[in-house]
Amino acid sequence: AFQSLLTPEVAAIAGGRTERVIAPACGHESRRTEDFDLLSIPRAKSVDEGLRVFFCEEPSGDTYHCTTCNSKQAFSLRTVLVNLPEVLILSPTMFEMDFLTFESRKVTAPFVIPSGLDMKVAEFSPSAPPDLDTQYELAGVIAHHGPTAASGAFSVVYENQGTWCKWFGDQEPVTEGPDTLAELRKQAAVEGPIVPVLLAY
């Protein structure tokens with residue numbers, strides 16, 4: 001069941017990623033490697049597009065003291081993958097800040113949920129295994145239903161022994177059938193109150 005994908009036992013089968021801090025002025029680069037099983041990606045039109053943005057080099061807007069040239073430098077950040085987890089969990093951005101009201105606003109833009117995912121869209125470290133399997137199949141989706149960030153409910157659509165199921169609170173029975181996933185994908189593909197917030201592959 002989809003719920004089992006979020007257990008500590010599965011989370012322990014993690015991938016590895018390296019965060020690179022790059023000082024363009026002198027070329028100095030520092031790296032920090034850590035385990036991961038979840039990637040928080042920008043909300044774009046699709047998962048692939050969100051991943052491409054996530055793995056782009058991005059200016060930090062801050063400065064730090066570079067030990068190579070002994071000066072304060074602007075720097076940029078980039079994430080590269082060392083390995084992939086057995087279960088990959090993606091969290092598209094659900095809220096954004098409204099700087100006019102300084103309140104969180106729910107992002108309701110259309111979003112495409114692919115059944116399959118190829119992580120070749122990511123950048124990999126030279127130390128990554130050469131035979132790394134980058135193919136994933138969709139296992140489940142958690143979606144938020146509601147007009148605002150402060151209201152609504154969550155549903156879970158998940159694959160269980162070849163059957164797609166939908167859970168929408170303890171007060172409703174679990175529904176089964178291929179239409180459960182097809183309906184959610186159709187709802188997410190248009191702007192509206194139903195948005196995916198967690199995808200498991």
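## An open sheet and its cores

Me: In this predicted model, seven strands form an open sheet with mixed pairing, in the order S3-S6-S15-S11-S12-S13-S14. Which strands are the edges, and what makes them edge strands?

Reply: S3 and strand S14 (175-176) are the edge strands. Each of them pairs on one side only.

Me: How do you know that strand S6 (residues 89-92) and S15 pair?

Reply: Two strands count as paired from at least two bridges. S6 and S15 have two bridges and run in the antiparallel sense. The test asks for at least two, so the pair qualifies.

Me: Which residues of S15 are the bridge partners of isoleucine 89 and leucine 90?

Reply: Isoleucine 89 is partnered by alanine 200. For leucine 90, the partner is leucine 199.

Me: What joins S11 to S15, and in which sense do they run?

Reply: Six bridges, with the strands antiparallel. The cut-off is at least two bridges, so S11 and S15 count as paired. One of the links sets isoleucine 142 against leucine 198 in S15.

Me: What holds paired strands together in general?

Reply: Backbone hydrogen bonds, in parallel or antiparallel arrangement.

Me: Why is S15 called mostly covered?

Reply: Buried means under 20% relative accessible area. Seven of the seven residues in S15 are buried. The label therefore holds for the strand.

Me: Which helix packs on the sheet, and which strands does it touch?

Reply: H2 does, touching S3, S6 and S15. The direction of H2 makes about 90° with that of S3.

Me: Which members of the largest nonpolar core touch the most other members?

Reply: Leu39, Met119 and Tyr201, out of 28 residues. The elements giving two or more residues to this core are strand S3 (38-41), helix H2 (47-54), strand S11 (140-145), helix H3 (179-188) and strand S15 (194-200). A second, separate core has 11 residues, among them Val87, Val156, Val197 and Ala200.

Me: Why is aspartate 37 called partly exposed?

Reply: Its relative accessible area is 23%. Buried needs under 20%, and exposed needs over 50%. Aspartate 37 meets neither condition, so partly exposed is the right class. Aspartate 37 sits in the loop between strand S2 (29-36) and S3.

Me: How far apart are aspartate 37 and valine 87, in sequence and in space?

Reply: They are 50 residues apart in sequence, and 7.0 Å apart in space, C-alpha to C-alpha.

Me: Why is glutamine 161 called exposed?

Reply: Glutamine 161 has a relative accessible area of 76%. The class starts over 50%, so the value clears the bar. The loop between strand S12 (153-160) and strand S13 (163-167) holds glutamine 161. Although it is not a glycine, glutamine 161 has a positive phi of about 55°.

Me: Where in the protein chain is confidence lowest, and where is it highest?

Reply: Lowest in helix H1 (residues 8-11), with a mean of 36. Highest in strand S10 (residues 135-137), at 94. Over residues 1-14 pLDDT stays under 50. For that stretch the model has 27 contacts beyond four places in sequence. The chain mean is 78, and 81% of residues reach 70 or more.

Me: What does the protein chain look like in overall numbers?

Reply: The chain has three helices and 15 strands. Of its 201 residues, 41% are buried. About 11200 Å² is exposed, and carbon and sulfur atoms supply 54% of that area.

How values were computed. Residues are numbered from 1 along each chain as its sequence is written. This is a predicted model: local features need pLDDT of at least 70, side-chain atom pairs count only at pLDDT 80 or more; totals for chains, interfaces and linings use all residues. Side-chain values use heavy atoms; hydrogens and water are left out. A nonpolar core is a set of buried Ala, Val, Leu, Ile, Met, Phe, Trp, Tyr and Cys residues joined through side-chain atoms within 4.5 Å. Buried means under 20% relative accessible area, exposed over 50%, partly exposed in between (1.4 Å probe, protein chains only). Helices (H or I, at least four residues) and strands (E, at least two) are DSSP runs, numbered from the N terminus. Contact means heavy atoms within 4.5 Å. Axes are lines fitted to C-alpha atoms, for helices over the stretch in contact, and angles run from 0 to 180 degrees between N-to-C directions. Accessible areas come from the Shrake-Rupley method with a 1.4 Å probe; for residues, only the protein chains shown count as cover. pLDDT is the predictor's confidence in each residue, from 0 to 100.
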